[in-house]
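Work through the exercises below with the sequence and the model open. Each task is followed by a solution in steps.

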Amino acid sequence: MRRTTILLAATTLGLTPAIAVAEGKMPQMDFANPLTGAQVVWMAVIMVALYFILARWALPRIGGVIENRHNRIASDLETARRAKAEAEHAVRELNLAIQNARESSQGAIAEAVNAAKERARAQSSTLNERLDAQISAAETEIEAARRAAVNALGPIARDVASSLLHRLTGEAVEPGRVDQAIAALSTQG
Amino acid sequence: MAQESGINALGQFQLTTGFGAFGKAIEFTNSNQMMLLAAVIVTSLFVIALRQRALVPGRMQGLAEISYEFVHNMVLDTIGEEGKRFFPFVFTLFAFILIGNILGLFPYFFAFTSHIAITGALALFVFALSTLVGFWYHGIGFLKFFSPPGVPGWLLPLLIPIEIVSFLSRPISLSVRLFANITAGHVMWEVFAGFMLMLVSGLGAVGVVAAIIPLGLNIALTALEFLVAFLQAYVFAILTCLYLHDAIHMH
């Protein structure tokens, strides 16, 4: 900026006086010409008109348009910021809900597992009881069968012994003696 | 040199009357025609821009908004919050000078900012305004502006006249800067164009080839002049802001 000013000032100083001398007076310096003053008066009229057009109408309106845009951008940014905050809030709530659901589902699973275990335990205990009852019943039956078998052994032994003696001796044996002998044997053995 | 070729490099600054007999009667000059055109261009820009009033601006609206914000920022940055009331004035000044400078670059158009009477009137108005604003804000205390604070007393008799002279020279430097820049550019254009005619008439075929050099210079100068047209309008506007800042804030 300064360089061009200096350059032009130098050229002005260098050229203009030479030309002015060569050509006579510069029209700009011809203050005797009534038009030189008249143009200033008309400039005042034109500039005042331009000033009022710009100051009263054009500039406030352009300023309003610009302000409008600034407000619009600011409000849009505000809306976006609010939407972002809402979205973040929603995400937080979602995460919280997921966490809650996970916790409650784990609780439900544990409960179900416990209930199943409980049921299984109950079932197995009833089954055990029934089995125990069956076993004891079977043992009683066996005992009874054994006793019956043992009781049945005495007459069988007497019959066998009687018929053996009969065969061997060829004589009828007194039933009372066989019973005595068996009783003696069974107390011995 | 220009005389020999029959070209008057200063003829382009000659004032005539515009708008025929009517313009002659009311002394409406060719420079005023350009001023009117500049005002119409500035107004049209806003008419077009404000017809759309789009949220996403088009080209013309963008141009109007950029120029608005450019000057608005310049005024607020330089003057401060009080500058808001001077914004329409600075904008009018900037737009008027900028469009005037650019219009002056077109062939057969008139550069009204090349007239010292015009730039002087503008500068004097800025000077008067800033001085009045100074007294408006500070009353008679605005005279303290001429004695900078923190200066030893024995220096004041020397310093106050210097401050007054520098203050009074503001409108001169403001007006001459704009006038000289625009005048110099237009004179140089015509002088180089005159060289071309001299070369062709003096040297014939060789001169036609040699005339490429001033032609190239004129092309380069055109680019420079567009820069100067913007720059000088900017300088005028920012110095106006600075003077208003000084008037309001006293340094």
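**Exercise 1. Fold of each chain**

Which pattern does chain B follow, read along the sequence? Do the reading for chain A as well, bearing in mind that this is a predicted model.

Solution. Step 1: along the sequence, chain B reads α-α-α-α-α-α-α-α-α. Step 2: the count for chain B is nine helices and zero strands. Step 3: chain A, taken from its N terminus, runs α-α-α, with three helices and zero strands.

**Exercise 2. Confidence**

Find where in chain A confidence is lowest and where it is highest, then list the stretches with pLDDT under 50 in chain A and chain B.

Solution. Step 1: begin with the averages. Chain A has a mean pLDDT of 85, and 87% of its residues score at least 70. For chain B the mean is 91, with 97% of residues at 70 or more. Step 2: go to the elements of chain A. H1(A) has the lowest confidence, a mean of 49, and H2(A) the highest, at 93. Step 3: look for the weak stretches. In chain A, pLDDT stays under 50 over residues 16-22, where the model has ten contacts beyond four places in sequence. In chain B this applies to residues 1-5, with 14 such contacts. Step 4: for the model as a whole, the scores are ipTM 0.91 and pTM 0.74.

**Exercise 3. The contact between the chains**

How many residues does each chain give to the contact, and which element of chain A gives the largest share?

Solution. Step 1: 41 residues come from chain A and 51 residues from chain B. Step 2: on the side of chain A, the elements giving two or more residues are helix H1 (2-23) and helix H2 (34-169). Step 3: H2(A) provides the largest share, 26 residues. Step 4: sorted by class, this side of chain A has 27 nonpolar, ten polar and four charged residues.

**Exercise 4. Burial and the core**

State what share of each chain is buried, and which residues of the largest nonpolar core touch the most other members.

Solution. Step 1: of the 189 residues in chain A, 10% are buried; of the 251 residues in chain B, 37% are. Step 2: the largest nonpolar core has 73 residues, and those touching the most other members are Val71(B), Val90(B), Leu93(B), Phe94(B) and Ala237(B). Step 3: H2 of chain A gives two or more residues to this core, as do several helices of chain B, among them H3 (59-79), H4 (87-104) and H9 (212-249). Step 4: the largest share, 13 residues, is that of H7(B). Step 5: take Leu93(B) as an example. Beyond four places in sequence, Leu93(B) touches Leu122(B), Phe236(B), Ala237(B) and Thr240(B).

**Exercise 5. One residue in H7(B)**

Is Phe179(B) buried or exposed?

Solution. Step 1: Phe179(B) belongs to helix H7 of chain B. Step 2: Phe179(B) has 22 C-beta neighbours inside 10 Å. Step 3: the cut-off for buried is 20 or more, so Phe179(B) counts as buried. Step 4: its contacts beyond four places in sequence are Ser114(B), His115(B), Ile116(B) and Thr119(B).

**Exercise 6. Length of H9(B)**

Compare the expected span of H9(B) with the distance between its end C-alpha atoms.

Solution. Step 1: H9(B) has 38 residues, which at 1.5 Å a residue should span 56 Å. Step 2: the end C-alpha atoms are 54 Å apart, which agrees. Step 3: Met250(B) follows H9(B) and has a positive phi, near 50 degrees.

Conventions
Residues are numbered from 1 along each chain as its sequence is written. Chains are lettered from A and ligands numbered from 1 in the order in which they are written. This is a predicted model: local features need pLDDT of at least 70, side-chain atom pairs count only at pLDDT 80 or more; totals for chains, interfaces and linings use all residues. Two residues are in contact if their C-beta atoms, placed from the backbone, lie within 7 Å. Helices (H or I, at least four residues) and strands (E, at least two) are DSSP runs, numbered from the N terminus. Ala, Val, Leu, Ile, Met, Phe, Trp, Tyr, Cys and Pro count as nonpolar, Asp, Glu, Lys and Arg as charged, and the others, Gly among them, as polar. A nonpolar core is a set of buried Ala, Val, Leu, Ile, Met, Phe, Trp, Tyr and Cys residues joined through C-beta atoms within 7 Å. A residue is buried if 20 or more other C-beta atoms lie within 10 Å of its own, exposed if 12 or fewer, and partly exposed in between; C-beta atoms are placed from the backbone. pLDDT is the predictor's confidence in each residue, from 0 to 100. The expected span of a helix is 1.5 Å times one less than its number of residues.
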